[in-house]
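Subject: Structure handover

Dear colleague,

I am passing on the structure we spoke about, and below it you will find my notes on what came out of the analysis. Please read them with the coordinates open beside you.

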Amino acid sequence: MIASFLIPTRNRPENLARAIDTALALAAKPDEIEFLIGADQDDPSLAKTHDVIEQRLAHCRLEIFSERQGYEGLFIYFNHLASLSRGNWLLNWNDDSEMQTKGWDTLLQTAPLVSVQLLRRQGLEHADPTHPAIGRPIYDAMGHL
């Protein structure tokens, strides 16, 4: 498995679908990509999020959190999802982010696994989103993100 996307989500199933679909469409080896999605039990769009996952079941796993952690507890979502991951690279991803680079997974594989790669989206007027991709050996050594 090349990469595991760790995606906490809440009330944005349409954005989540785009986040997943763009990463799969631009991957050189989409069958080597997994998406671990974390949603709250009280998410008003949980049924729609479940539908998004069901349509992409070969690549996705949905984890339901019984207690809402909120933004201040984002690390809890990421760490739990990371503990379930199988990829050589763990990507902290947002449910409203879209992959932009064709063959991103091939590019990522050229980096040493004992590194943190920063995937950036440039050209946004009011933001500079950066998503860390953590090599499996770093995660294994630290035991958390």
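In this predicted model, Leu6 stands opposite Leu36, the latter belonging to S2. The strands S1 and S2 run parallel and are joined by 7 bridges. They belong to an open sheet of 6 strands, whose order is S3-S2-S1-S4-S6-S5 and whose pairing is mixed. Strand S3 (60-65) and strand S5 (116-120) stand at the edges, and each has a single partner strand, so one side of each is left without a neighbour in the sheet. From one strand to the next, the twist averages 20 degrees.

On the other part of the sheet order, the pairings are antiparallel: S4 is joined to strand S6 (residues 130-135) by 3 bridges, and S5 is joined to S6 by 5 bridges. Within S6, Ala133 is the bridge partner of Leu91, while His131 is the bridge partner of Leu119.

Two helices deserve a look against this sheet. Helix H2 (residues 46-55) lies across S1, S2 and S3, and runs at about 155 degrees to S3. H3 also packs on the sheet, where it touches S1, S2, S3 and strand S4 (89-92), and its direction makes about 145 degrees with that of S1.

As for aromatic contacts, a search of the whole structure finds 4 aromatic pairs. In one of them, formed by Phe5 and Trp93, the ring centres are 5.2 Å apart and the planes stand at 85 degrees; since an angle over 60 degrees counts as edge-to-face, the pair is therefore edge-to-face. This pair links distant parts of the chain, with Phe5 in strand S1 and Trp93 in the loop between S4 and helix H4 (104-109), 88 residues apart.

Finally, there is the second largest pocket, which has a volume of about 350 Å³. Its lining is made up of 16 residues, of which Pro8, Thr9, Arg12, Tyr71 and Leu74 are the closest to its centre. Strand S1 (3-9), strand S2 (33-40) and helix H3 (74-84) are the elements that give two or more residues to this lining, and H3 gives the most, with 3 residues. Sorted by class, the lining of the second largest pocket holds 6 nonpolar, 4 polar and 6 charged residues.

When you go through the model, you might begin with S1, which pairs with S2, carries Phe5 of the edge-to-face pair and contributes to the lining of the second largest pocket.

With best wishes

Technical notes: Residues are numbered from 1 along each chain as its sequence is written. This is a predicted model: local features need pLDDT of at least 70, side-chain atom pairs count only at pLDDT 80 or more; totals for chains, interfaces and linings use all residues. Side-chain values use heavy atoms; hydrogens and water are left out. On a 1 Å grid over the protein atoms alone, a cavity is a set of points where a 1.4 Å probe fits but cannot get out, and a pocket is an open set with protein on both sides within 12 Å along at least five of seven lines; lining residues have an atom within 4 Å of a point. Grid points are joined across faces, edges and corners, and a volume is the space filled by probe spheres set on the points. Helices (H or I, at least four residues) and strands (E, at least two) are DSSP runs, numbered from the N terminus. Ala, Val, Leu, Ile, Met, Phe, Trp, Tyr, Cys and Pro count as nonpolar, Asp, Glu, Lys and Arg as charged, and the others, Gly among them, as polar. Two strands pair if DSSP finds at least two bridges between them. Axes are lines fitted to C-alpha atoms, for helices over the stretch in contact, and angles run from 0 to 180 degrees between N-to-C directions. Contact means heavy atoms within 4.5 Å. Rings of Phe, Tyr and Trp (its six-membered ring) pair if their centres lie within 6.5 Å; planes under 30 degrees apart count as stacked, over 60 as edge-to-face and the rest as tilted.
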